[in-house]
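Reader: I am new to this structure and would like a close look at a single part of it, the sheet with the hairpins. Please take me through how its strands are joined and what lies against them.

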Amino acid sequence: MHRYRHSGLEIASEIALPEWDGFASSSTSNADIKIKLSDERSPAFPGDGSTYSLGSTAGFCIEGVGGWKLEAGRRMTLYPSLAVDPAELRLFTLGSAWGVLGYQRGDAMWHGSAVELDGSAVLFCGDAGEGKSTMAAAMVATGARLFGDDLSKVEPNAGGALIHPSSSRLKLWGAAVDHFGWRERVVQRDVMRGDKFHCHIEPNHAGGPPLPLAAIVVLESGEAPLLEPLSGSEALAEVLSGTIYRPEALETMGRWGEQGALVARIIAGAKVFRLTRPRDLGAIGESVGLVSKMLDRLG
């Protein structure tokens with residue numbers, strides 16, 4: 001049995017999760033979540049990847065990969081297909097399945113990339129392809145520490161908001177890997193996209209405590225770098241659109257209202273900004289400067 005401490009929870013897993021090596025735990029206490037491996041036929045969940053939900057049970061299937069059953073936010077059972085690539089099985093285990101399990105627990109599971117600077121974290125979010133991981137990489141290249149990538153648990157807290165560390169890796173396109181000179185950091189090629197690579201990043205916060213979430217930065221493509229504050233209903237709409245993972249799962253599970261309320265409470269304790277900038281690696285330094293100055297002002 002493999003043990004991990006992630007998102008403030010103890011996880012006991014029957015499969016190794018090398019993506020979580022930095023979150024390995026030596027605890028012998030009862031696990032909050034158990035990840036089980038089954039050799040039985042997968043339940044008859046939808047085969048198109050859409051989420052099934054009934055009561056405290058949810059599930060989905062990916063053709064050629066396997067099925068996942070999630071129970072009450074405490075148990076995940078994997079039904080792998082024959083000859084499945086283990087990396088592909090882990091991709092959906094730590095992505096869609098982990099996100100749905102978090103929703104069952106009532107947690108805010110936000111899609112984005114986060115870094116830490118001077119004891120506070122900033123989360124980059126936005127539509128797919130807006131360069132969340134690339135912005136995090138650019139911040140790391142100038143002195144920040146990686147805090148999270150893909151899915152991070154965020155929670156309201158007295159006097160602010162907290163974000164839990166979620167990754168010691170960044171998934172970057174080949175052009176970004178070369179721009180930062182990080183070919184030696186590549187640990188694997190992405191199983192879904194041939195020109196995307198998983199890079200181990202140092203320094204990182206894997207295994208550390210949650211930190212105050214100082215700012216949420218919504219990324220948007222544009223001609224010139226501009227960082228502007230958002231507030232009220234505009235901030236709520238932009239953060240909901242930019243962070244919610246698998247919205248169709250929330251719809252099926254009937255948990256949109258719960259997540260919307262969580263977002264409202266979180267942004268009440270964290271500043272929200274929109275960063276408009278060109279999608280040009282050569283100009284990314286100016287965007288990094290704008291974010292760094294903003295964090296300095298927030299203290």
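Author: Strands β6 and β7 (residues 75–80) pair in the antiparallel sense over six bridges. Two strands count as paired if DSSP finds at least two bridges between them. Strands (E, at least two residues) and helices (H or I, at least four) are DSSP runs, numbered from the N terminus. The model is a predicted one, in which local features need pLDDT of at least 70 and side-chain atom pairs count only at pLDDT 80 or more, while totals for chains, interfaces and linings use all residues. Residues are numbered from 1 along each chain as its sequence is written, and side-chain values use heavy atoms, with hydrogens and water left out.

Along the pairing of β6 with β7, E71 stands opposite R75 in β7, and G67 stands opposite Y79 in β7. The two strands form a hairpin with three residues between them. A72, in the turn, has a positive phi of about 55°.

β6 (residues 66–71) is also joined to β5 (residues 57–62), by six bridges, and these two strands run antiparallel. Here I62 stands opposite G66 in β6. β5 and β6 form a hairpin as well, with three residues between them. In that turn G64 has a positive phi of about 80°.

β7 has a further partner in β3 (residues 33–37): four bridges join them, and they run parallel. In this pairing K36 stands opposite T77 in β7, and L37 stands opposite L78 in β7.

These pairings belong to an open sheet of seven strands, in the order β1-β2-β3-β7-β6-β5-β4, with mixed pairing. Its edge strands are β1 (2–6) and β4 (52–54), each of which pairs on one side only. From one strand to the next the twist averages 15°. Helix α1 (residues 86–104) packs on the sheet and touches β1, β2 (9–13), β3, β5, β6 and β7; contact means heavy atoms within 4.5 Å. The direction of α1 makes about 25° with that of β6. For such angles, axes are lines fitted to C-alpha atoms, for helices over the stretch in contact, and the values run from 0 to 180 degrees between N-to-C directions.

Elsewhere in the chain, helix α4 (residues 232–243) packs with helix α6 (residues 256–267) at an angle of about 120°, their axes 10 Å apart. A235, L236, V239 and L240 in α4 meet W256, G260, V263, A264 and I267 in α6. By class, this contact has eight nonpolar, one polar and no charged residues. Ala, Val, Leu, Ile, Met, Phe, Trp, Tyr, Cys and Pro count as nonpolar, Asp, Glu, Lys and Arg as charged, and the others, Gly among them, as polar.

As for the whole, the secondary structure of the protein chain comes to seven helices and 17 strands. Its C-alpha atoms fill a box of roughly 55 × 40 × 40 Å, taken along the principal axes.
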